[in-house]
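Morning, everyone. I have one model to go through, and I will keep it short.

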Amino acid sequence: MNPVDYLRISLIDRCNFRCQYCMPEGSELDYLLREQLLTDEELLTLLQEVFIPVGFTKFRLTGGEPLLRPGVVDLVSAIASLPQTQDLSLTTNGFLLPKMAQDLYDAGLRRINISLDSLVAETFDQIIGNRGRSRWQEVWAGIQAAHRVGFDPLKLNVVVIPDVNEQEVVDLAALTIDRQWHIRFIEFMPIGNADMFNTRGWVPSEELRQRIRDVYGLTESKVRGNGPADVFQIPGAKGTLGFISQMSECFCDRCNRMRLSADGWLRPCLLNETNQIDLKTALRAGIAPEQLREQVRQLLAIKPEINFKQRDSGATGAYTRTMSQIGG
Ligand SMILES: Nc1nc2c(ncn2[C@@H]2O[C@H](COP(=O)(O)OP(=O)(O)OP(=O)(O)O)[C@@H](O)[C@H]2O)c(=O)[nH]1
Ligand SMILES: C[S@@+](CC[C@H](N)C(=O)[O-])C[C@H]1O[C@@H](n2cnc3c(N)ncnc32)[C@H](O)[C@@H]1O
Ligand code: SF4
Ligand code: SF4
């Protein structure tokens, strides 16, 4: 069985973007109130007294948009300085990076994944719901800032949407030729906007690989990630191409992760909502860390049974929490 040592931590459920596939404009979300969020202190207690003792050593901060969390730089610093933290990373839409990249790096963050669905400002703005103001330039500047500051690896996430940005896949892949960036193409999953999924669906990764192969050639990379991406490379390129193919392929047999929501629910699988544990309520009720550790250990033991197994039917499309609430 794969060791489960990677925790994705959602810091906040709010976001300054409204990506069509995640939290489309007009979708009525009930945001968490501030008192419902785990405080920094509670989060650090859970990490030190529950998650680290049961074997978690890799942490990813996500959201919503994690850079909107008040005090995020101090929180990064606190998690980075825990002696047991082997890997700390963050997934962001990049909008606030021009201002924050240096502080995050100085706080101890070394690895960052930034979402960039298009190289064309109009397409990008259409996908992220620009509310009358283009955001592409700021995000591009955020990527440059992250590069300049020294984040390595620097990964760019592209959710591929048929007829919207799929025609840009070869251009996006070409970014890796002379930059040491890692572009990952993600198959759209039906959490967040199931309606859009029904009408547009996803493009199988192998089809995207063939398009890139036809133009540049493609080899399977020697670099193996510790996540869901299958890694390839344009021959001679500095960076790599990752394919996250939840809909057409299946990587659940190598699943190494669980998720903690901003309000303290531990979720053993992204695509299966069963067996979640409310750690925040337990912590606030004064339940001893030893008991919480025992609950998490039990969940780890049954995780292989919970892991998503309906690959033939795809995801169910009926989820009570959206991607922005889970953290992806
Ligand atoms: N189905 C599924 N999708 C995942 C899982 N982990 C991440 N993803 C998806 O992969 C995409 C990119 O996620 P990131 O936040 O960049 O994290 P990652 O690819 O796991 O990160 P690395 O640690 O850098 O490999 C998002 O759309 C996630 O929803 C997973 O365990 N299962
Ligand atoms: C939920 S976001 C949170 C972090 C940050 N706001 C961002 O966009 O990078 C994490 C990742 O999930 C991806 N994502 C969101 N909704 C998705 C969906 N329905 N299918 C596949 N990926 C999705 C995003 O593109 C992003 O790479
Ligand atoms: S994908 Fe990220 S940036 Fe886009 S709406 Fe969801 S949380 Fe916000
Ligand atoms: S769908 Fe569930 S089991 Fe499969 S990789 Fe994602 S979190 Fe793990």
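I will take the ligand shells, the annotated positions, one helix and one arginine in turn. Keep in mind that this is a predicted model.

Ligand 2 comes first. It is surrounded by 21 residues, and the closest are C22, N157, M189, M323 and G328. Which elements each supply at least two residues of that shell? They are β3, β5, which runs 154–160, and α11, which runs 323–326. By class, the shell around ligand 2 has nine nonpolar residues, eleven polar and one charged.

Now the annotation. UniProt, in an unreviewed entry, gives the feature "binding site" at Y21, G64, S115 and M189. I will look at two of these, M189 and S115.

M189 is also among the closest residues around ligand 2. It sits in the loop between β6, residues 181–187, and α7, residues 194–200. Is M189 buried or exposed? It counts as buried, because 24 C-beta neighbours lie inside 10 Å and the cut-off for buried is 20 or more.

S115 is in strand β4, residues 111–115. S115 is buried too, with 24 other C-beta atoms within 10 Å. Setting aside neighbours within four places in sequence, S115 is in contact with N93, G94 and N157. N157 is one of the closest residues around ligand 2.

On to ligand 4. Its surroundings are P228, F251, C252, C255, R257, C269, L270, L271, N307 and F308. That shell divides into eight nonpolar residues, one polar and one charged.

Next, helix α2, residues 72–80, where V72, V76 and I79 are buried. Viewed down the axis of α2, the buried residues fall within an arc of 70 degrees, so they line one face of the helix. The general reason is that an α-helix has 3.6 residues a turn, so residues three or four places apart point the same way. What covers those buried residues? The cover includes α1 (40–51), β2 (58–62), β3 (87–92) and α3 (97–106). β3 is thus named twice today: it covers buried residues of α2, and it supplies residues to the shell around ligand 2.

Last, the arginine. R267 is found in strand β11, residues 265–267. R267 is buried, with 23 other C-beta atoms within 10 Å. Leaving out neighbours within four places in sequence, R267 is in contact with M258, R259, S261, Q276 and I326. R267 and I12 are 255 residues apart along the chain, and their C-alpha atoms are separated by 16 Å.

That is the tour; I will take questions.

Conventions: Residues numbered from 1 in each chain as written. Chains lettered and ligands numbered in written order. Predicted model: local features only at pLDDT ≥ 70, side-chain atom pairs only at ≥ 80, totals over all residues. Near = placed C-beta within 6 Å. Nonpolar A, V, L, I, M, F, W, Y, C, P; charged D, E, K, R; others polar. Buried ≥ 20, exposed ≤ 12 C-beta atoms within 10 Å, placed from the backbone. Helix = DSSP H or I, 4+ residues; strand = E, 2+ residues; numbered from the N terminus. Arc of directions from axis to C-beta. Contact = placed C-beta atoms within 7 Å. UniProt positions renumbered as here; feature names shortened; annotations may be inferred.
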